[in-house]
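Work through the exercises below with the structure in view. Try each task before reading its solution.

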Amino acid sequence: MDTFARFEQAIRDALLDTTLITADLIDLVAPKATGVQADLALPCFRAAKIRGSNPAQFAQTLANALKFSHESLVLKATALGAYVNFSLNPITFAQSVLHDISQGKAGYGRSNRGQQQAVVVDYSSPNIAKRMRVDHVRSTMIGQAIVNIYRSLGYQVIRMNHWGDYDPQLGISLAAMQHFQHRNGNGESMLASLEQQAQQYQADDQVHDLAQAWASKLASGDPQAISLLQQLVDLSLNANQANYRRLGVAFDVQHCESFYAREAQVVIKEALHYQIAQLDSHVAIVKDLLDEQGKALPTLLLNRSDGSTLYITRDIAAIKYREALYQPSKIIYVVKQAQELHFRQAFTISKTLGYTKADLAHVACGMILGPEGRANPHPRFSTTIYLEPLLDEACARAKTLLKQKAIEAKTAFTSEWLNEVAEQVGVGAVIYHNLQHDPAHDVVVDWDRMLAFDGNSAAYIQYMHARCCSILRDFGRLPQNYNGRELTHPAEQALLKELARLPQVIVDAADRYAPSVVADWLYATAKAFAIFYDACPVLKAETLALRAARGQLVAATAQALRNGLGLLSIAAPERM
Ligand code: ARG
């Protein structure tokens with residue numbers, strides 16, 4: 001149980017001890033009245049009504065009957081109108097928070113709420129033979145953060161990359177692949193050349209016939225075509241691998257859609273058998289389907305007239321497969337907004353056919369737009385933003401800024417340090433910029449905001465963490481015999497309150513599928529630290545006891561910031 005949960009528990013226990021109120025009537029809320037210095041409030045309307053007394057009177061009687069010891073996390077209870085307000089005991093609160101963090105260390109904030117439950121996260125999921133587009137970039141970062149968040153709650157998370165290999169232009173890509181077959185190179189640039197070649201072929205009628213030929217060879221299982229496709233898949237996987245590594249992204253399972261093609265045929269048979277679909281000239285058609293909210297869904301097809309499966313059928317087959325293998329309690333899809341209807345249809349059909357008991361969630365992602373926004377995209381990115389140049393540019397800019405800062409502060413630095421930290425700050429900037437708003441928001445690349453050392457950015461949070469580390473370095477060995485009696489300054493208490501929130505923040509972020517909840521917490525905590533550091537000298541504190549206590553607070557802040565950054569896959573350099 002975290003400190004806030006223990007505070008609530010202490011209030012509940014004390015309330016029950018009065019015997020004036022029963023458990024079902026204890027509904028603690030955030031204090032509503034402005035100017036009230038309290039941390040939780042109990043509205044007394046219901047309890048008073050049952051007792052036939054007036055709420056204000058009842059609140060007063062209740063407050064008078066409550067008792068808290070010196071060791072309690074509750075300092076006092078005061079009646080105000082129809083409410084009893086409770087405030088935290090600053091001394092025991094500080095002790096408890098610092099204890100939680102120093103015991104929890106890298107695990108502070110984690111819990112085992114998800115024990116024995118599997119969660120599948122389907123994210124990134126680009127298409128073969130192409131560089132990752134904006135929507136995949138965003139899905140990759142949001143998806144990875146959701147993975148980290150669910151893992152920290154003790155869920156067994158299966159990270160799945162659902163590669164698209166059903167491009168209608170696949171024949172052209174195969175022809176281009178044949179052209180490049182004996183070239184060396186694995187990276188994104190190789191993929192870019194392949195894409196360019198495919199584009200040139202598009203305009204070439206002769207090659208069109210060749211592409212057609214490849215497509216039908218592939219359909220008939222021709223070994224040469226299959227081997228070429230495999231090379232194409234390998235090239236695509238390899239090309240993205242470097243990007244994934246930079247972003248701290250890794251998968252447990254990477255299947256192409258074609259992996260589900262056979263099971264998709266079973267889906268079609270069963271849909272027909274259970275009369276969810278009707279056959280009309282060899283095509284299985286699903287009509288008059290209602291989604292979970294009872295809303296009518298548009299008619300959809302499960303196959304083409306040549307018998308081949310469709311995107312939706314393969315997704316339904318994938319749900320069936322995931323259920324059979326993992327019995328997940330949730331399957332989370334982090335995919336662009338435009339596929340909202342696709343998932344609603346796939347989920348409804350899967351549930352109707354009884355394929356899964358899991359909660360099925362589509363986390364709809366917005367786009368990343370060039371620095372000028374959608375209407376006027378940045379020439380460098382033309383209409384598309386690719387991942388590698390985006391990360392490279394962020395890191396180059398971070399490098400310039402870090403160097404400038406170090407020179408201004410007259411601190412000596414090595415080029416190893418500069419390169420390493422520039423990568424951490426640059427990549428961190430891109431990730432944070434993508435996660436700091438709700439997933440559905442579009443994101444405009446804004447370099448100044450992304451790398452602002454004094455605004456709502458990863459760099460600012462990383463910088464505050466590095467400041468904590470620098471103070472701790474100056475401390476040398478941190479005195480451990482601190483009794484927590486000192487940290488009563490409002491700036492200290494405000495920082496402690498932020499630190500104490502992390503466990504609940506992680507739960508909220510998971511429930512809302514919103515890494516932005518963690519990002520908001522990080523920013524609030526970094527700001528609270530900056531205010532504390534301005535107001536309260538640490539190394540030069542007035543007394544030794546205070547110095548020790550503040551040292552512990554700084555260590556706890558560093559640990560909590562590190563844990564929060566880790567949840568977003570953002571590095572926490574120790575020197576900046
Ligand atoms: N490859 C698809 C696309 O680029 C996204 C796949 C998302 N995942 C899924 N299970 N449908 O649009």
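The exercises go from the whole protein to its domains and then to the ligand. The model is a predicted one.

**Exercise 1. Describe the overall build of the protein.**

Step 1. Take the elements: the protein has 19 helices and 15 strands.
Step 2. Take the extent: along the principal axes, the C-alpha atoms fill a box of roughly 85 × 70 × 40 Å.
Step 3. Take burial. A residue is buried if 20 or more other C-beta atoms lie within 10 Å of its own. Of the 576 residues, 42% count as buried.
Step 4. Take contacts between residues at least 6 apart in sequence: 74% of them join residues at least 24 apart.

**Exercise 2. Split the chain into domains and look at the N-terminal part.**

Step 1. Set the bounds: domain 1 is 3–88, domain 2 is 118–368 and domain 3 is 404–567.
Step 2. Find the separation: the C-alpha centres of domain 1 and domain 3 are 34 Å apart.
Step 3. Check the record: an unreviewed UniProt entry places "domain: Arginyl tRNA synthetase N-terminal" at residues 5–88.
Step 4. Describe that stretch: residues 5–88 are 37% helix and 20% strand, with end C-alpha atoms 12 Å apart.

**Exercise 3. Which residues surround the ligand, and how do they divide by type?**

Step 1. List the shell: Asp 122, Ser 125, Asn 127, His 162, Gly 164, Asp 315, Ala 318, Tyr 333 and Val 335.
Step 2. Find the elements that give two or more residues to this shell: helix H11 (311–326) and strand S12 (330–336).
Step 3. Sort the shell by type: three residues are nonpolar, four polar and two charged.

Conventions
Residues numbered from 1 in each chain as written. Predicted model: local features only at pLDDT ≥ 70, side-chain atom pairs only at ≥ 80, totals over all residues. UniProt positions renumbered as here; feature names shortened; annotations may be inferred. Helix = DSSP H or I, 4+ residues; strand = E, 2+ residues; numbered from the N terminus. Near = placed C-beta within 6 Å. Nonpolar A, V, L, I, M, F, W, Y, C, P; charged D, E, K, R; others polar. Domains from an automatic or database assignment. Buried ≥ 20, exposed ≤ 12 C-beta atoms within 10 Å, placed from the backbone. Contact = placed C-beta atoms within 7 Å.
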